[in-house]
Amino acid sequence: MSTLGTLTKTGGRTPAGRRRSGGRRTPRLGWNLLGLLVFVVAGFPLYWMLNTAFKPAKDAIDPDPSLLPTGLTFDNFGRALDIADFWGPVGRSLVVSLAVVVIGMAVGLLAALAISRFAFRGRKIVIVGILAVQMVPLVAMIIPVFLLLNDLGQYDRLTGLIITYLTFVLPFTVWTLRGFIVNIPRELEEAAMVDGCSRTGAFLRVVFPLLAPGMVATSVYGFIQAWNEYLYALMLLSQKNQTATVWLGNFTTKHGTEYAPMMAGATMMAVPIVALFLLVQRKMAAGLTAGAVKG
């Protein structure tokens with residue numbers, strides 16, 4: 001009875017049980033605070049970009065800037081559009097990024113399928129080669145790429161830039177899709193083939209729908225890589241064919257850097273990426289965890 005009364009007074013838990021429960025809450029609180037800190041550090045540049053884009057230009061160059069918005073104006077966006085053509089570079093960036101994603105997914109999917117499903121001579125060498133290509137710094141290849149494109153007549157052409165981007169987007173695409181394909185059991189394809197499907201039919205009807213989230217996640221990252229690339233776009237294209245990232249460099253003039261219009265331009269450049277994430281966020285979340293089991 002005394003034990004029962006003690007448990008009743010303490011809410012059904014012994015003091016030791018309460019201590020263990022409190023001990024579990026403490027690490028959880030610490031992880032939550034750490035996550036909040038990471039969010040603040042990662043999100044502050046985005047907040048500062050938006051804050052500067054909408055504040056008056058004179059406040060953007062204040063030596064003692066305010067963390068909170070000091071005013072709201074859209075003049076910086078008009079100034080950004082007046083400094084240089086905006087829609088031309090953005091359109092070229094969209095063409096290049098979409099072409100890289102479409103070609104990269106088509107070629108990368110076939111390559112990943114071959115590596116994952118077929119045993120052939122030199123398979124391990126191909127896998128190691130894909131990893132080796134990803135470890136090469138992009139800046140180390142810019143002179144050979146420039147000379148090669150110049151010899152092929154692809155300098156200052158979007159097709160040359162697309163081919164160049166594929167050299168570092170394709171290895172990433174192949175390696176990522178391989179992880180997703182490996183997680184799809186072979187037995188599903190074999191069962192479909194037993195039921196009368198060809199190998200191609202089994203892939204299209206069984207594997208492809210299961211692979212869709214992974215393809216979406218891979219496509220988004222490939223698009224971001226092509227959209228945000230700056231160095232090759234600067235070196236391989238002239239001023240008349242510049243992309244959106246190079247367009248941002250026009251805000252640095254002989255009079256200095258116009259920070260408010262530059263942040264307004266960066267905000268406009270971020271709109272396509274944000275819109276893409278909003279459209280595919282569900283598939284994106286499923287794809288990020290689909291390949292995390294094995295492979």
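Tutor: Let's start with a yardstick: a residue is buried under 20% relative accessible area, exposed over 50%, and partly exposed in between. Keep in mind that this is a predicted model.

Student: Okay, so which class does F172 fall into?

Tutor: F172 has a relative accessibility of 21%, so it counts as partly exposed. Try D156 next: its 18% makes it buried. L68, with 59%, is exposed.

Student: And for the protein as a whole, what share of the residues is buried?

Tutor: Of the 295 residues in the protein, 37% are buried. As for the overall make-up, you'll find 13 helices and two strands. Among contacts with a separation of 6 or more, 72% are between residues 24 or more positions apart.

Student: With that many helices around, how do I read a packed pair?

Tutor: Two packed helices are described by the angle between their axes and the distance between the axes. Here, take helix 8 (residues 158-182) and helix 10 (residues 199-228): their axes come within 10 Å and cross at roughly 160°.

Student: What does that make the two helices, helix 8 and helix 10, relative to each other?

Tutor: Angles over 145 degrees count as roughly antiparallel, and helix 8 and helix 10 are therefore roughly antiparallel to each other. Their crossing is right-handed.

Student: Which residues in helix 8 and helix 10 meet?

Tutor: On the helix 8 side, look for Y165, V169, F172, T173, T176, L177, F180 and I181; their partners in helix 10 are L211, G214, M215, T218, Y221, G222, Q225 and A226. Sorted by class, this contact has 10 nonpolar, six polar and no charged residues.

Student: Where else does helix 8 pack?

Tutor: Helix 6 (residues 123-135) packs with helix 8 at an angle of about 130°, and the axes are 9 Å apart. These two helices are therefore oblique to each other, and their crossing is left-handed. I127, I130, L131, V133 and Q134 in helix 6 meet T167, P171, F172, V174, W175 and R178 in helix 8. That contact has eight nonpolar, two polar and one charged residues. Did you spot F172? It is listed in the contact with helix 10 and in the contact with helix 6.

Student: I did! Now, how do I read aromatic rings?

Tutor: A pair of aromatic rings is described by the distance of the centres and the angle of the planes. Searching the whole structure here turns up 12 aromatic pairs. One of them joins F172 and Y221: the centres are 6.4 Å apart and the planes are at 65°, an edge-to-face arrangement. F172 sits in helix 8 and Y221 in helix 10, so the pair ties together parts that are 49 residues apart in sequence. Y221 is partly exposed, at 36% relative accessible area.

Student: Which residues do ring pairs link into a cluster?

Tutor: That would be F44, Y47 and W48. Now look at L68, in the loop between helix 3 (57-60) and helix 4 (75-83). Leaving out residues up to four places away in sequence, L68 touches Y47 and N51. The C-alpha atoms of L68 and W48 are 9.3 Å apart, while along the chain these residues are 20 residues apart.

Student: One last thing: what is unusual to look for in the backbone at D156?

Tutor: Check its phi: D156 has a positive value of about 60° although it is not a glycine. You'll find D156 in the loop between helix 7 (142-152) and helix 8.

Conventions:
Residues are numbered from 1 along each chain as its sequence is written. This is a predicted model: local features need pLDDT of at least 70, side-chain atom pairs count only at pLDDT 80 or more; totals for chains, interfaces and linings use all residues. Side-chain values use heavy atoms; hydrogens and water are left out. Axes are lines fitted to C-alpha atoms, for helices over the stretch in contact, and angles run from 0 to 180 degrees between N-to-C directions. Helices (H or I, at least four residues) and strands (E, at least two) are DSSP runs, numbered from the N terminus. Angles under 35 degrees count as roughly parallel, over 145 as roughly antiparallel, 65 to 115 as roughly perpendicular and the rest as oblique. A crossing is left-handed if the near helix is turned anticlockwise from the far one by less than a right angle, and right-handed if clockwise. Contact means heavy atoms within 4.5 Å. Ala, Val, Leu, Ile, Met, Phe, Trp, Tyr, Cys and Pro count as nonpolar, Asp, Glu, Lys and Arg as charged, and the others, Gly among them, as polar. Rings of Phe, Tyr and Trp (its six-membered ring) pair if their centres lie within 6.5 Å; planes under 30 degrees apart count as stacked, over 60 as edge-to-face and the rest as tilted. Buried means under 20% relative accessible area, exposed over 50%, partly exposed in between (1.4 Å probe, protein chains only).
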